[in-house]
Amino acid sequence: TYGVITAKKLTIAPAGSLVINSGTNVFVINEVINNGSTGAAALVVENNANLIQVNNTTNTGNITVNRETSELKRLDYVLWSSPVAGQLLQAFSPATLSNRFYTYDAGTNLYALVTSPSTTSFSVGTGFLIRTPNNHPTTPAIWSSVFTGLPHNGDFSVAVANDTYNAVGNPYPSTLDADSFMADNSISEALYFWRKENNSANPSYATYNLTGGVANT
């Protein structure tokens, strides 16, 4: 790990490449430009690494963002949100059955099936419930996932319904501060985080508000 690295602009030359290792935070004041000849593989953000852009700007070129879940079993689900633009759902998890991709319908308080995951992209700032790949182990194991696309940058507005639940997600290739997120969006209610291993006796969500968090065991 390299700690914190700051640059005014980040450009990957045609013959160049960059891997942001786990535990490393790369702050870029302005744009990210990936001209690497290997495409998205020329700029990789590893799990638990952060690519943080300060100003609202336009990026160029796709990148790769690796993310890992906690240990899960086959048939478990994860609420995913994409840190990049253009990532197709089925391409993100090819081994997940095509009828196991869902969005949340705030009007019905139910998850709704995505009918064409092979041609549907992640919507920015939206949470998608996706079952583990159908070849995932039946004993607890990490699900290693890969996002490929143009890194999100800038401010986003996500339409939500009042007085009900909404499935939203972090749209950036970096973590968010929950307290700042709630303060900036005037949220007083708890945030719910999907955390579910096969066990009907446990709730699906851990919760967090400005006074602290409650695990779901």
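Helices (H or I, at least four residues) and strands (E, at least two) are taken here as DSSP runs, numbered from the N terminus. On that basis the protein contains two helices and 17 strands. The structure is a predicted model, in which local features need pLDDT of at least 70 and side-chain atom pairs count only at pLDDT 80 or more, while totals for chains, interfaces and linings use all residues. Residues are numbered from 1 along each chain as its sequence is written, and side-chain values use heavy atoms, with hydrogens and water left out.

We can begin with the overall dimensions. Along the principal axes, the C-alpha atoms of the protein fill a box of roughly 50 × 40 × 30 Å. The radius of gyration, taken over C-alpha atoms, is 18 Å, which agrees with the value near 17 Å for a compact globule of 217 residues; the globule rule is 2.2 Å times the number of residues to the power 0.38. Of the 217 residues, 35% count as buried, where buried means under 20% relative accessible area, exposed over 50%, and partly exposed in between (1.4 Å probe, protein chains only). About 11,600 Å² of the protein is exposed, and carbon and sulfur atoms supply 51% of this area; accessible areas come from the Shrake-Rupley method with a 1.4 Å probe, and for residues only the protein chains shown count as cover.

Contacts (heavy atoms within 4.5 Å) can be sorted by sequence separation. Among those between residues at least 6 apart in sequence, 63% join residues at least 24 apart. As for charge, the protein has 9 positive and 13 negative side chains, and the centres of the two sets lie 10 Å apart. Lys and Arg count as positive and Asp and Glu as negative, with His and the chain ends not counted; the place of a charge is NZ of Lys, CZ of Arg, CG of Asp or CD of Glu.

Turning to the strands, two of them pair if DSSP finds at least two bridges between them. An open sheet of five strands has the order 3-6-8-14-10, with mixed pairing. Strand 3 (18-20) and strand 10 (84-85) stand at its edges with a single partner strand each, so one side of each is left without a neighbour in the sheet. Strand 3 runs parallel to strand 6 and is joined to it by three bridges, and I20 has V45 of strand 6 as its bridge partner. Strand 8 (residues 63-72) and strand 14 (residues 141-151) are antiparallel and pair over eight bridges, with E68 partnered by S144 in strand 14. Strand 10 is also antiparallel to strand 14, through two bridges; here A85 is partnered by L150.

Further pairing involves strand 11 (residues 101-105), which meets strand 13 (residues 128-131) in the antiparallel sense over two bridges. Y102 stands opposite L129 of strand 13. Strand 11 also pairs with strand 12 (residues 110-113), antiparallel and over four bridges, and Y104 has Y111 as its bridge partner in strand 12. The hairpin of strand 11 and strand 12 has four residues between the strands, and N109 takes a positive phi near 60° there.

Finally, N35 offers a look at a loop, the one between strand 5 (32-34) and strand 6 (43-45). With a relative accessible area of 41%, N35 is partly exposed. Not counting residues up to four places away in sequence, N35 touches T11, I12, A13 and P14. The C-alpha atoms of N35 and A15 are 8.4 Å apart, although 20 residues separate the two in sequence.
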